[in-house]
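Here are some notes to read alongside the structure. Take them one point at a time, and keep the 3D view open as you go.

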Amino acid sequence: MPHDPAAAERTPSSPEAAATAAGPATGPAAPRVPTPQEIEAIGLVPLLAPYLRQARGQMPDDLRAAFEAHSLTPRHGAVLPQLLAEQPLAVGELAQRLRLSLSTTSELVGALSRAGLVERREDPANRRRTLVAIPADRLPVVQEFITARSQPMLRALDSLSPRDRAGFIAGLTAWAREVQAQDGATAARR
């Protein structure tokens, strides 16, 4: 759907204006109705589904075998790029980067450790902290996979101005945070 500048002019400029334009709320937690411009963005999300579903199939054989043998999920996989960016990391630092609770992050690290994809060790500077790193023998396969999977996003980022790139990353981060919060609230209601 091409961007329509006239539609943008008709679009309320804030969530509050959009809610007012949509009419009175029907309850205390009535969802906000998306604007036409927001609907355009929402319509792009399903186009990412094939890319997300292909992750396991694009893994190098030994990495895929570890994921399958230990029933690892994309949440476990989210730990690995963080460790490629900087390692070792304390479990608490990983939790902050992933925007997960310390207990959830510890569970993810524990499963990855049992699969041999990360190693945990005591921080020599602070014995109460556990440091996590990708073992040297697993590092090349993890780098290969993350590099291959990152290419579409890297090409997209390269096509953006620095300002748009920062906005894209900020938006993606905020969206991930909201999805995690919603998933946490849904799990708590079960």
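1. **A hairpin to begin with.** Strands β2 and β3 form a hairpin, with two residues between them. Strand β2 covers residues 119–123, and its pairing with β3 is antiparallel, over five bridges. To find your way along this pair, look for Asp123, which stands opposite Asn126 in β3. Another pair to look for is Arg120, which has Val132 of β3 opposite. Please keep in mind throughout that this is a predicted model.

2. **The third strand.** How many bridges join β1 and β3? There are two, and the pairing is again in the antiparallel sense, with β3 covering residues 126–133. In this pairing Ala90 has Leu131 of β3 as its bridge partner. Strands of a sheet pair through backbone hydrogen bonds, and they can do so in a parallel or an antiparallel way.

3. **The sheet as a whole.** Put the two pairings together and you have an open sheet of three strands in the order β1-β3-β2, with antiparallel pairing. Which strands stand at the edges? They are β1 and β2; each has a single partner strand, so one side of each is left without a neighbour in the sheet.

4. **The chain in outline.** Now step back from the sheet. The protein chain has eleven helices and three strands. Along the sequence the pattern is α-α-α-α-α-α-α-β-α-α-β-β-α-α. You can trace this pattern in the 3D view, starting from the N terminus and moving from element to element.

5. **Some totals for the chain.** What share of the 190 residues counts as buried? The figure is 23%. The chain exposes about 12,700 Å², and carbon and sulfur atoms supply 57% of that area. Turning to contacts with a separation of 6 or more, 49% of them join residues 24 or more positions apart.

6. **A cis peptide bond.** Please look at the step from Gln87 to Pro88: this peptide bond is cis, with omega near 0 degrees. Where is Pro88 placed? Pro88 is in the loop between α7 (79–85) and β1 (89–90).

7. **Two residues with positive phi.** Ser71 is not a glycine, yet its phi is positive, at about 50 degrees. Ser71 lies in the loop between α5 (61–69) and α6 (74–77). Is Ser71 buried or exposed? Its relative accessible area is 58%, so Ser71 is exposed, as the cut-off for this class is over 50%. Arg99 is also not a glycine, and its phi is positive too, at about 60 degrees. The place of Arg99 is the loop between α8 (91–98) and α9 (102–114). With a relative accessible area of 40%, Arg99 is partly exposed.

8. **His76 and its contacts.** His76 sits in helix α6. Why does His76 count as buried? Its relative accessibility is 11%, and buried means under 20%, so His76 falls in that class. Leaving aside residues up to four places away in sequence, His76 touches Ser71, Leu108, Ala111 and Leu112. You have already met one of these, Ser71, as a residue with positive phi.

9. **Ala78, just along the chain.** Ala78 is in the loop between α6 and α7. It is partly exposed, with a relative accessible area of 31%. Try finding Leu98 from here: Ala78 and Leu98 are 20 residues apart in sequence, and their C-alpha atoms are 7.7 Å apart in space.

10. **The second largest pocket.** Rolling a probe the size of a water molecule over the atoms shows where empty space is left. The second largest pocket has a volume of about 700 Å³. Its lining has 18 residues, and the closest to the centre are Ala41, Ile42, Val45, Gly171 and Trp175. The elements that give two or more residues to this lining are α3 (36–44) and α11 (162–189). Which element gives the most? That is α11, with eight residues. By class, the lining has ten nonpolar, four polar and four charged residues.

Terms used: Residues numbered from 1 in each chain as written. Predicted model: local features only at pLDDT ≥ 70, side-chain atom pairs only at ≥ 80, totals over all residues. Heavy atoms only, no water. Helix = DSSP H or I, 4+ residues; strand = E, 2+ residues; numbered from the N terminus. Buried < 20%, exposed > 50% of the residue type's maximum accessible area, 1.4 Å probe, protein only. Contact = heavy atoms within 4.5 Å. Areas by Shrake-Rupley, 256 points an atom, 1.4 Å probe, with all protein chains shown as cover. Pairing = 2+ DSSP bridges. 1 Å grid on protein atoms, 1.4 Å probe; cavity = no way out; pocket = protein on both sides within 12 Å on 5 of 7 lines; lining within 4 Å. Points joined across faces, edges and corners; volume = space filled by probe spheres on them. Nonpolar A, V, L, I, M, F, W, Y, C, P; charged D, E, K, R; others polar.
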